[in-house]
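Thanks for asking me to look this over with you. Have the sequence and the 3D view open side by side, and hop between them as you read.

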Amino acid sequence: MDIRHLKAFLAVFEERNITLAAQRLCVAQPTLSVTIRQLEDELGVALFLRKARGVEVSEHARQLYPQARRMVADAQALSRRFRQQEQRLPLQLGVEADIASSQVEAFVRLATQSVPGLCLTLLDGCVGDVRLGVEALCCEDELFLPLWEEPFVLAMANGSNQPERWISCPQHYAHQRLLGFYAGAEQAGHAGSLQQALPMVAAGLGAALLPQSLVERHPGLHWRPSPGSALTRRVGLCFAAQALQLPVLAQLHQALSA
């Protein structure tokens with residue numbers, strides 16, 4: 001017994017007619033009759049009683065019907081599952097350290113909506129087919145597709161109102177531009193990245209100018225627009241030009257550009 005036998009049985013059971021069942025399955029009537037006889041021989045029971053017009057189902061057929069439906073449905077679901085896996089479009093996305101989780105979440109939602117069948121792999125750092133990062137950190141030979149532009153805001157610990165001390169990020173590309181804003185305030189510590197500055201600020205060591213997306217969902221922080229500082233950053237996709245030869249990236253690039 002195989003799925004072909006069960007599909008033939010279901011068609012005859014539901015149509016109550018060999019001719020109509022054969023038309024439904026797109027097979028010749030004699031072929032369908034042979035298939036049904038093979039199933040009956042294997043089971044050792046009569047499933048249908050042939051009449052002048054149509055067929056009458058036996059009690060054995062009534063017992064077989066629900067189980068046959070489940071078996072055919074399971075086989076079809078299994079087939080769809082593996083076909084869908086073959087049609088998946090893999091893409092590896094590197095995520096830079098100072099990208100907010102909210103922006104990663106938003107990008108994943110955008111990407112999966114834009115590219116049906118996308119199979120996305122998230123990786124840390126400057127790796128993958130393309131990466132989610134800051135325009136200022138793109139390499140000279142890379143292309144950049146902007147997705148968001150956001151301001152730097154003044155982040156402080158809950159309960160703190162005045163930035164009397166500050167946390168610096170000497171390795172950050174905007175460090176020199178921020179020095180003027182912090183002039184006159186006491187330096188309380190150094191952070192290796194903007195992400196690392198977050199717990200230092202939340203612990204009350206000092207304030208920091210940070211991208212709004214990093215601050216706005218942090219439970220230990222509050223923030224306000226930074227007067228006198230127009231510093232912003234653009235977040236988007238950084239990738240080599242030849243990466244567009246990947247059909248999945250070309251499709252994603254086209255969708256997001258539109």
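Here are my notes, point by point.

1. Before anything else, keep in mind that this is a predicted model. Start with the overall layout: the domain assignment splits the chain into domain 1, covering 3-85, and domain 2, covering 91-236. How far apart do the C-alpha centres of domain 1 and domain 2 lie? The answer is 62 Å.

2. You can get a feel for that layout from one pair of residues. Take glutamate 56 and tryptophan 166: along the chain they are 110 residues apart, and their C-alpha atoms are separated by 87 Å. Glutamate 56 itself belongs to strand β2, residues 55-57. With 39% relative accessibility, glutamate 56 counts as partly exposed, because the in-between class runs from 20% to 50%. If you skip neighbours within four places in sequence, the contacts of glutamate 56 are Leu47, Phe48, Leu49 and Lys51.

3. Now go to the start of the chain and find helix α1 (residues 3-15) and helix α2 (residues 18-25). Their axes are 8 Å apart, and the helices pack at an angle of about 130 degrees. That angle is between 115 and 145 degrees, so α1 and α2 are oblique to each other. Their crossing is right-handed. On the α1 side, the residues that meet α2 include Lys7, Leu10 and Val12, while the α2 side includes Ile18, Leu20 and Leu25.

4. Look at the loops here too, since there's something a bit unusual about the backbone. Most residues other than glycine have a negative phi. Arginine 16, however, has a positive phi of about 60 degrees although it is not a glycine. You'll find arginine 16 in the loop between α1 and α2, and at 34% relative accessibility it is partly exposed. Cysteine 26 is another non-glycine residue with a positive phi, near 60 degrees. Cysteine 26 sits in the loop between α2 and α3 (29-43). Is cysteine 26 buried or exposed? Its relative accessible area is 69%, so cysteine 26 is exposed.

5. Next, jump to strand β5, residues 130-134. How many of its five residues are buried? Five of the five are. Both faces of β5 are covered, with Val130, Leu132 and Val134 on one side and Arg131 and Gly133 on the other. Yes, you read that right: an arginine is in that buried set.

6. Which strands pair with β5? One is β3 (residues 89-95), which pairs with β5 in the parallel sense over three bridges. In that pairing, glycine 94 stands opposite arginine 131. Another is β11 (residues 232-240), which runs antiparallel to β5 and is joined to it by four bridges. There, valine 134 of β5 stands opposite valine 235 of β11.

7. Finish with leucine 249, which is in helix α9, residues 247-257. Why does leucine 249 count as buried? Its relative accessible area is 1%, and buried means under 20%. Leucine 249 also links back to point 5: valine 130 is 119 residues away from leucine 249 in sequence, yet their C-alpha atoms are 8.2 Å apart in space. Valine 130 is among the residues that leucine 249 touches, along with Leu91, Asp129, Phe239, Ala243 and Leu244, not counting residues up to four places away in sequence.

Terms used. Residues numbered from 1 in each chain as written. Predicted model: local features only at pLDDT ≥ 70, side-chain atom pairs only at ≥ 80, totals over all residues. Heavy atoms only, no water. Domains from an automatic or database assignment. Buried < 20%, exposed > 50% of the residue type's maximum accessible area, 1.4 Å probe, protein only. Helix = DSSP H or I, 4+ residues; strand = E, 2+ residues; numbered from the N terminus. Pairing = 2+ DSSP bridges. Axes fitted to C-alpha atoms, helices over the stretch in contact; angles between N-to-C directions. Parallel < 35°, antiparallel > 145°, perpendicular 65-115°, else oblique. Left-handed = near helix turned anticlockwise from the far one by under 90°. Contact = heavy atoms within 4.5 Å.
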